[in-house]
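Please walk me through this structure in a careful, step-by-step way, so that I can follow the argument with the sequence and the model side by side.

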Amino acid sequence: MSPRFSSGGLSTFDLLGDLTPTERTLTRIFLRHSKMTEKEIYAAITELPENKQMSKDEMNAALKSLAEKGWVEKKRAGFKQVYIIKQK
């Protein structure tokens, strides 16, 4: 996947060629909120511009893929399952 240039120049996310557009969207959300439940993630998605929104199935597939790629981790926090961005 080659970088997409816009009038604003090259985005840091454009350098992450192994992420799909839905994975990039979720990664941006995680940069603002480092720990979220699926419900909180989907609520954040519904607040995005319409062209950035996704279905719950798309969200779950992207979360699974991000976990497999090592970007996020699913953990138990009390009685809830949360996703957290993995930091090194």
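**From one strand residue to the core**

Gln81 is a convenient place to start, and it is found in strand 3. In this predicted model, Gln81 has a relative accessible area of 35% and is therefore partly exposed, since that class lies between the limit of under 20% for buried residues and that of over 50% for exposed ones. If its neighbours within four places in sequence are left aside, Gln81 is in contact with Thr37, Lys74, Lys75 and Arg76. Gln81 can also be placed relative to Glu38, from which it is 43 residues apart in sequence, while the two C-alpha atoms are 7.9 Å apart in space.

One of the contacts of Gln81 is Thr37, and this residue takes us to the loop between strand 1 and helix 2. Thr37 has a relative accessibility of 11% and so counts as buried. Apart from its neighbours within four places in sequence, Thr37 is in contact with Lys80, Gln81 and Val82. The C-alpha atoms of Thr37 and Ala77 are separated by 9.5 Å, although these residues are 40 residues apart along the chain.

Next to consider is Met36, whose place is in strand 1, made up of residues 35–36. With a relative accessible area of 5%, Met36 is buried. When residues up to four places away in sequence are not counted, Met36 touches Ile29, Ile41, Ala44, Val82 and Tyr83. Its C-alpha atom is separated by 9.3 Å from that of Ile85, and the two residues are 49 residues apart along the chain.

It helps at this point to step back to the whole chain. The protein has three helices and three strands, which follow the pattern α-β-α-α-β-β when read along the sequence. Of the 88 residues in the protein, 31% are buried. Among contacts between residues at least 6 apart in sequence, 41% join residues that are at least 24 apart.

The helices can now be taken in pairs. Two packed helices are described by the angle between their axes and the distance between the axes. Helix 1 and helix 2 pack at an angle of about 110°, with their axes 11 Å apart, and that angle makes helix 1 roughly perpendicular to helix 2. In this contact, Leu26, Ile29 and Phe30 of helix 1 meet Ile41, Ala44 and Ile45 of helix 2. By class, the residues of the contact of helix 1 with helix 2 divide into six nonpolar, no polar and no charged. Ile29 touches Met36, Ala44, Ile45 and Leu48, again not counting residues up to four places away in sequence.

For helix 1 and helix 3, the packing angle is about 75° and the axes are 9 Å apart, which makes helix 1 roughly perpendicular to helix 3. Helix 1 contributes Thr22, Glu23, Leu26, Thr27 and Phe30 to this contact, and helix 3 contributes Met59, Ala62, Leu63, Ser65 and Leu66. The contact of helix 1 with helix 3 has six nonpolar, three polar and one charged residues.

The remaining pair is helix 2 (residues 38–46) and helix 3 (residues 56–68), which pack at an angle of about 120°, with their axes 11 Å apart. Helix 2 and helix 3 are therefore oblique to each other, and helix 2 passes helix 3 in a right-handed crossing. Here Glu38, Ile41, Tyr42 and Ile45 in helix 2 meet Lys56, Met59, Asn60 and Leu63 in helix 3. The residues of the contact of helix 2 with helix 3 divide into five nonpolar, one polar and two charged.

Where do these side chains lead? In soluble globular proteins, nonpolar side chains tend to be buried together. In this model the largest nonpolar core has 17 residues, and those with the most contacts inside it are Leu26, Ile29, Phe30, Ile41, Ile45, Met59 and Leu63. Two or more residues of this core come from each of helix 1 (21–32), helix 2, helix 3 and strand 3 (80–85). Helix 3 gives the most to this core, with four residues. Strand 3, where Gln81 is found, is thus back in view as one of the elements that give two or more residues to the core.

Terms used. Residues numbered from 1 in each chain as written. Predicted model: local features only at pLDDT ≥ 70, side-chain atom pairs only at ≥ 80, totals over all residues. Heavy atoms only, no water. Axes fitted to C-alpha atoms, helices over the stretch in contact; angles between N-to-C directions. Parallel < 35°, antiparallel > 145°, perpendicular 65-115°, else oblique. Left-handed = near helix turned anticlockwise from the far one by under 90°. Contact = heavy atoms within 4.5 Å. Nonpolar A, V, L, I, M, F, W, Y, C, P; charged D, E, K, R; others polar. Core = buried A, V, L, I, M, F, W, Y, C linked by side-chain atoms within 4.5 Å. Buried < 20%, exposed > 50% of the residue type's maximum accessible area, 1.4 Å probe, protein only.
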